[in-house]
Amino acid sequence: MLINSLAYLGFHDIRDIGMMTLAEYQLRMEAYQLKRVDQKEFIATMAFYNQLVQSTTGGKNPKPKYDRLSKIFNREEEENRVFRLFGDDSLSSQSKESDGRSIADSMKKFYALKKAGKIDKTAWKKINYRKGGG
């Protein structure tokens, strides 16, 4: 925490670092990682434009080797990597879509089982918590 705060987060006083909570530190590190995603995107954009000028395929009719920036840099994938690193799965676009589908699917299954009479509404009463049942 101390090294990262001094090296990456712009702190200069160790006392300021000591006053920071763990949650604040994690938030600052996540923000730093997202700033790095911006830097990577900038570098990839520069490389993309550079290759448009220099790198071609084909003899008589040269074409750019990469026709889209996304072939060099995928911002969404990079952001999702950062969100997973910090446990923010709820922020990634892929997890939002899949969570919505899985919840909807689970609800459909639940109501189908309930309609078929396969849901035991008193099952929670039958658990012996003293013996560790569950």
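Start with the contacts that tie distant parts of the chain together: of the contacts in the protein chain with a separation of 6 or more, 36% are between residues 24 or more positions apart. Contact here means heavy atoms within 4.5 Å. You are looking at a predicted model, where local features need pLDDT of at least 70 and side-chain atom pairs count only at pLDDT 80 or more, while totals for chains, interfaces and linings use all residues. Residues are numbered from 1 along each chain as its sequence is written, and side-chain values use heavy atoms, with hydrogens and water left out.

**Stop 1: the whole chain**

Switch to a cartoon view. You should find five helices and two strands, in the order α-α-α-β-β-α-α along the sequence. Both kinds of element are DSSP runs numbered from the N terminus: helices are H or I with at least four residues, strands are E with at least two.

Now colour by pLDDT, the predictor's confidence in each residue, from 0 to 100. The protein chain averages 76, and 75% of the residues score at least 70. Where is confidence lowest, and where is it highest? Helix H5 (residues 93–115) has the lowest mean, 67, and H3 has the highest, 87. Keep in mind that where pLDDT is low, the predicted coordinates should not be read in detail.

Turn on the surface next. The accessible surface of the protein chain is about 10800 Å², and 55% of that belongs to carbon and sulfur atoms. Such areas come from the Shrake-Rupley method with a 1.4 Å probe; for residues, only the protein chains shown count as cover. Of the 134 residues, 17% count as buried. Buried means under 20% relative accessible area, exposed means over 50%, and partly exposed is in between (1.4 Å probe, protein chains only).

**Stop 2: the nonpolar core**

Select Leu9, Phe11, Ile17, Met20, Tyr25, Met29 and Tyr32. These seven residues make up the largest nonpolar core. Helix H3 (residues 22–54) gives the most to this core, with three residues. A nonpolar core is a set of buried Ala, Val, Leu, Ile, Met, Phe, Trp, Tyr and Cys residues joined through side-chain atoms within 4.5 Å. In soluble globular proteins, nonpolar side chains tend to be buried together.

Zoom in on Phe11. Leaving aside neighbours within four places in sequence, Phe11 is in contact with Ser5, Leu6, Asp16, Ile17, Met20 and Arg28.

Then click on Ser5, in helix H1 (residues 2–7). Is Ser5 buried or exposed? Ser5 counts as buried because its relative accessible area is 0%. Not counting residues up to four places away in sequence, Ser5 touches Gly10, Phe11, Ile17, Met20 and Tyr25.

**Stop 3: charged pairs**

Side chains of opposite charge can pair when their charged atoms come close. A search of the whole structure finds seven salt bridges, each one a side-chain nitrogen of Lys or Arg within 4 Å of a carboxyl oxygen of Asp or Glu.

Pick Arg15 and Asp13 for a first look: their closest N and O atoms are 3.3 Å apart. Arg15 counts as exposed, at 63% relative accessibility, whereas Asp13 is partly exposed, at 26%.

Move on to Arg75 in helix H4 (residues 75–85). Arg75 forms a salt bridge with Glu79, with 3.0 Å between the closest N and O atoms. The two are about one helical turn apart because they sit four residues apart in helix H4. Arg75 also touches Val37, Asp38 and Glu41, not counting residues up to four places away in sequence. Glu41 is 34 residues from Arg75 in sequence, yet their C-alpha atoms are 6.9 Å apart in space.

Stay in H4 and select Glu78 and Arg81, whose side chains meet in a salt bridge (3.5 Å, N to O). Glu78 counts as buried, at 18% relative accessibility, while Arg81 is partly exposed, at 32%. Salt bridges that share partners join Asp38, Glu41, Arg75 and Glu79 into one network.

**Stop 4: a nonpolar patch**

Finish by selecting Ile103, Met107, Phe110, Tyr111, Leu113 and Ile119. Together they form a nonpolar patch on the surface, with about 540 Å² of accessible area. Patches are made of residues with over 30% relative accessible area and no salt bridge; like charges are joined within 9 Å, nonpolar side chains (Val, Leu, Ile, Met, Phe, Trp, Tyr) within 5 Å.

Tyr111 lies in helix H5 and is partly exposed, at 47% relative accessibility. Leu113 is found in helix H5 and counts as partly exposed, at 38%. Lys118 and Ile119 are touched by Leu113, not counting residues up to four places away in sequence.
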